[in-house]
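Here is a short briefing on how some strands pair in the model shown below. Please keep the sequence and the structure in view while reading.

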Amino acid sequence: MKITRILIFILIAFLLFWFIYFLKTGDLFFKDGYFTKERAYQAWLSDNREPELTRELLENVKKIEPADNRLLYLADENKIYQLRFRKEFFLWTSPSVYRIDNETIKKMNENDMEYHFYYNCVATVITKTPDISKVKIGKNKAEVLPLAPYLKDAKDLKLWYFNLEPDASDCQGPSGQTFTFYDNSGKVIKKIADK
């Protein structure tokens with residue numbers, strides 16, 4: 001009798017979870033949710049509707065794992081892809097993708113831009129000034145990825161990033177955050193509001 005009650009309670013809890021998950025995601029049979037980030041990544045690779053992107057990723061790609069486990073960087077000779085994974089309850093979903101390539105660098109060089117901002121839940125900025133040693137995005141210390149080892153035209157360029165909304169399904173820029181740039185001595189070089 002006690003075991004039957006426990007089983008009924010577990011069934012009701014599961015059905016309630018399933019219903020809430022469906023209302024939130026529209027994914028009735030958990031076909032878009034994966035138990036691990038690696039499985040979500042593998043599914044994205046095989047289901048990707050951009051054949052050129054998939055081919056490039058599979059040929060000599062370098063995987064870069066940052067401290068934020070919801071992010072993954074893929075680098076080849078001409079592009080870096082920032083993949084942002086999110087969770088719906090406990091299931092990982094396919095990533096959103098931001099691409100940095102030689103065109104991005106070319107635009108920065110042609111327009112003599114010191115900073116290139118981008119926001120899609122992850123606040124990012126590419127810096128051209130070599131003496132920047134730390135960046136804060138809002139109150140958060142940004143992680144850094146030097147681009148020179150991956151992109152041949154990058155030279156002193158660095159990508160600074162912080163995942164502001166890890167579980168948001170979609171974000172549109174600008175980030176609304178203030179980016180604070182520091183030199184080696186800890187002095188503030190510049191503050192820029194991304195608005």
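In strand S13, the residue that forms the bridge partner of Lys-136 is Thr-180. This belongs to the antiparallel pairing of S9 with strand S13 (residues 178-182), which extends over 4 bridges; strands are DSSP runs of E with at least two residues, numbered from the N terminus, and two strands pair if DSSP finds at least two bridges between them. The model is predicted, so local features need pLDDT of at least 70 and side-chain atom pairs count only at pLDDT 80 or more, while totals for chains, interfaces and linings use all residues. Residues are numbered from 1 along each chain as its sequence is written, and side-chain values use heavy atoms, with hydrogens and water left out.

**Strand S9 and its hairpin**

- Along strand S9 (residues 134-137), Val-135 and Ile-137 point to one face and are buried (under 20% relative accessible area, with a 1.4 Å probe and protein chains only), whereas Lys-134 and Lys-136 point to the other face and are not buried.
- Strand S9 is also joined by 2 bridges to strand S10 (residues 140-141), and these two run antiparallel.
- Within that pairing, Ile-137 stands opposite Asn-140 of S10.
- The hairpin of S9 and S10 has 2 residues between the strands, and Gly-138 takes a positive phi near 65° there.

**The open sheet**

- Four strands form an open sheet in the order S7-S8-S12-S11, with antiparallel pairing.
- Strand S7 (115-120) and strand S11 (143-146) are the edge strands, each pairing on one side only.
- Strand S11 is joined to strand S12 (residues 158-163) by 4 bridges, and Val-144 has Trp-160 in S12 as its bridge partner.

Definitions and conventions. Buried < 20%, exposed > 50% of the residue type's maximum accessible area, 1.4 Å probe, protein only.
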